[in-house]
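Hello,

Here is the structure I promised to pass on. Please load it first, then read my notes below.

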Amino acid sequence: MTMTRRRALRLFGLGAAAALAAPGCSLLSGTPLPQVLPSRAPLPKPYGVPLPLPVTARPARSDASTDYYELVQREADAQILPGLRTRVWGYDGRFPGPTIRARAGRRTVVRVTNALGAPTVTHLHGGHTPPESDGYPTDLVGPGTHRDYAFPLDQRAATLWYHDHRMDYTGPQVWRGLAGFFLVEDEEEAALPLPSGERDVPLMICDRSFAADGSMPYPASAEGPGAREAFMGGVLGDVILVNGAPWPSLGVDRARYRFRLLNASNARVYELALAPAGRLVRIGGDGGLLAAPRSADRVRLAPGERADVVVDFAAHRVGEHVELRNLLGEGPQARVMRFTVERDARDDSAIPAALSRVETLDPARAAVTRDFEFSSGSMGGHTGWLINGKPFDARRVDARPKLGQVEIWRLTSDVAHPVHLHLSPFQVLSVAGERAAGPPEWKDTVELREAQTVEIVTRFTGYRGRYVMHCHNLEHEDMAMMSTFEVV
Ligand code: C2O
Ligand code: CU
Ligand code: CU
């Protein structure tokens with residue numbers, strides 16, 4: 001069966017009809033919404049395990065211009081729930097994968113060897129990457145083979161991440177564990193007195209569900225044929241993991257910490273806040289440092305989005321607990337992790353009033369405005385996820401921006417969709433007709449809420465070739481909510 005035929009069956013087959021009858025549909029449109037896959041294993045008690053820190057990858061070798069890394073995708077048994085083992089798919093058998101720390105402007109080559117039983121594709125999310133290394137969803141790395149992904153990293157310091165991107169299978173393969181941090185550093189950022197070292201902590205937040213034996217089932221395999229379609233709105237877990245551990249806890253100094261928050265969930269949106277209430281000083285987003293810090297009492301993150309925040313635990317006494325909560329969750333899903341203030345400590349860090357120079361991309365320079373509509377589309381009486389009425393087809397190019405050109409893209413949703421562009425960071429111009437507030441910031445993923453139009457301005461620089469734009473709800477992405485653009 002060809003890819004196209006299989007996809008057509010999946011998109012418009014009987015399974016989707018079952019999904020429409022299921023609960024968890026949007027009242028507005030009857031369109032399926034993300035649904036919780038309930039765990040069968042007992043949920044662990046919150047704050048019972050220490051926060052793990054992903055290991056830092058070491059280059060296998062380096063030369064004058066380049067650092068060479070080697071990662072092997074393989075299965076491994078992880079200890080995630082107390083007393084149970086969980087089979088994961090990990091880069092180097094780890095979930096999250098090793099953190100790559102790279103310098104802006106210094107070439108980084110990552111050799112990914114596939115020791116799994118299925119093809120993979122690796123994508124550096126937020127990378128300004130030539131097309132042959134960007135992880136186009138059909139550039140498969142077969143079992144037993146490898147591929148060298150070369151990243152020039154001609155870009156600003158930022159919190160990036162790498163993850164699987166195989167066409168039709170990104171949801172299950174990321175769910176099994178194929179994701180890790182990739183931190184780009186540069187001189188501008190290194191010169192700032194921000195919290196660093198042990199006080200610069202990446203936090204990968206994602207939800208998972210567990211079978212009674214500790215495995216992390218994904219609807220396709222767990223519930224028989226058609227189950228995947230029943231979750232076409234998105235798969236939600238009922239256990240919140242941070243760096244792969246359920247509701248962990250971290251002992252902290254009475255000092256400032258920088259947390260690099262990443263929402264690596266398939267479909268869950270978080271609104272993160274401290275309890276007792278406290279300030280989250282946001283210093284960065286998807287595309288690196290903001291021009292100036294912004295203090296907030298909550299930070300919202302859709303799948304794929306990042307936020308760098310500084311929290312000052314000097315506001316608390318030794319022995320106090322500070323929870324990181326999810327205001328959009330209920331019951332256990334309202335919790336994320338907990339900090340325990342353990343000791344007084346010296347703190348030389350500061351949050352400068354001016355962080356970075358952020359260019360304003362002027363929409364008046366836009367040569368083209370394009371419209372993209374993200375919707376569940378009906379074809380033959382059944383439903384799939386479409387952009388401008390079409391499912392993803394790797395043989396079709398939907399837009400041909402010119403290299404160097406500034407463009408406005410107008411994105412419209414039915415239900416909520418976190419939209420992600422490869423190659424080109426963008427700035428949000430307006431949300432639901434309102435001009436975006438505050439100074440511009442570089443992003444690569446933007447959440448469209450239900451029935452909303454978001455206008456972004458972007459500039460296509462660096463490389464000609466084929467890239468994708470897609471919904472980062474991974475079930476929507478796998479069910480074809482993706483489009484190819486070619487920079488010409
Ligand atoms: Cu994080 Cu195209 O994906
Ligand atoms: Cu990406
Ligand atoms: Cu979507």
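Five strands make up an open sheet, in the order β15-β23-β22-β17-β20, and the pairing is mixed. At its edges stand β15 (249-254) and β20 (299-301). Each has a single partner strand, so one side of each is left without a neighbour in the sheet. From one strand to the next, the twist averages 25 degrees. Keep in mind that this is a predicted model.

One pairing in that sheet can be followed to the residue. Strand β17 (residues 270-275) and β20 run antiparallel, joined by three bridges. There, Y270 stands opposite L301 in β20.

Now the copper sites.

Ligand 2 is a copper ion with two protein donors, H123 (NE2) and H420 (NE2). They lie 1.9 Å from the ion. H123 belongs to strand β7 (residues 122-125) and H420 to strand β27 (residues 417-421), so the pair ties together parts that are 297 residues apart in sequence. Are these donors buried or exposed? H123 is buried, at a relative accessible area of 1%. H420 is buried too, with a relative accessible area of 1%.

Ligand 3 is also a copper ion. Its protein donors are H417 (ND1), C471 (SG) and H476 (ND1), at 2.0 to 2.1 Å. Along the chain, the donors of this ion follow the spacing H-x53-C-x4-H. C471 and H476 are both buried. H417 falls in the range of strand β27 (residues 417-421), the strand that holds H420.

Best wishes

Technical notes. Residues numbered from 1 in each chain as written. Chains lettered and ligands numbered in written order. Predicted model: local features only at pLDDT ≥ 70, side-chain atom pairs only at ≥ 80, totals over all residues. Heavy atoms only, no water. Donors = N, O, S within 2.8 Å, 3.2 Å for Na, K, Ca; no water. Buried < 20%, exposed > 50% of the residue type's maximum accessible area, 1.4 Å probe, protein only. Helix = DSSP H or I, 4+ residues; strand = E, 2+ residues; numbered from the N terminus. Pairing = 2+ DSSP bridges. Axes fitted to C-alpha atoms, helices over the stretch in contact; angles between N-to-C directions.
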